[in-house]
Amino acid sequence: MPKSRQKAKDSFDPASMKPEDVLKFEIAQELGLADKVIKGGWRSLTAKESGRIGGLITKRKKELKKEALGE
């Protein structure tokens, strides 16, 4: 697939987010990265930014699991 086509496919559309992307986008907003994601897609983020989002997703999921278990 040519790179130009691949880039278009990787663009970010907030209206068509999958459920797992909602949390990811919320965290990106909290970190001030929402505009960057909207303009360039998830691939426009640096490794450090992506890692920060991933770490916060993991942390948030653990917190939600604890709340669900009533601990």
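**Reading helix α2 and its packing against α4**

Mentor: Let's start with helix α2: its twelve residues reach 18 Å from the first C-alpha to the last, close to the 16 Å expected at 1.5 Å a residue. Keep in mind that this is a predicted model.

Trainee: Thanks! Which residues of α2 are buried?

Mentor: Here the idea is a cut-off: buried means under 20% relative accessible area. In α2, that description fits Asp21, Leu23, Phe25, Ile27 and Ala28.

Trainee: And what covers the buried residues of α2?

Mentor: The cover includes α3, residues 34–40, as well as α4.

Trainee: How do I read the way α2 and α4 pack, and at what angle?

Mentor: Look at the angle together with the distance between axes. Helix α2 (residues 19–30) packs against α4 at about 115°, and the two axes are 10 Å apart. The crossing of α2 past α4 is right-handed.

Trainee: Which residues meet in that contact?

Mentor: From α2 come Leu23, Lys24, Ile27, Ala28 and Glu30, and they meet Ile53, Leu56, Ile57, Arg60 and Lys61 of α4. By character, the contact of α2 with α4 has six nonpolar residues, four charged ones and no polar ones.

Trainee: Is Ser50 in α4 buried, partly exposed or exposed?

Mentor: Ser50 sits in α4, which runs over residues 47–69. Ser50 counts as partly exposed because its relative accessibility is 35%, and partly exposed covers the range between 20% and 50%. The C-alpha of Ser50 is 9.0 Å from that of Ala28, although 22 residues separate them along the chain.

Trainee: What comes just after α2?

Mentor: There you'll find Gly32, with a positive phi of about 80°.

Terms used
Residues are numbered from 1 along each chain as its sequence is written. This is a predicted model: local features need pLDDT of at least 70, side-chain atom pairs count only at pLDDT 80 or more; totals for chains, interfaces and linings use all residues. Side-chain values use heavy atoms; hydrogens and water are left out. Helices (H or I, at least four residues) and strands (E, at least two) are DSSP runs, numbered from the N terminus. Buried means under 20% relative accessible area, exposed over 50%, partly exposed in between (1.4 Å probe, protein chains only). Axes are lines fitted to C-alpha atoms, for helices over the stretch in contact, and angles run from 0 to 180 degrees between N-to-C directions. A crossing is left-handed if the near helix is turned anticlockwise from the far one by less than a right angle, and right-handed if clockwise. Contact means heavy atoms within 4.5 Å. Ala, Val, Leu, Ile, Met, Phe, Trp, Tyr, Cys and Pro count as nonpolar, Asp, Glu, Lys and Arg as charged, and the others, Gly among them, as polar. The expected span of a helix is 1.5 Å times one less than its number of residues.
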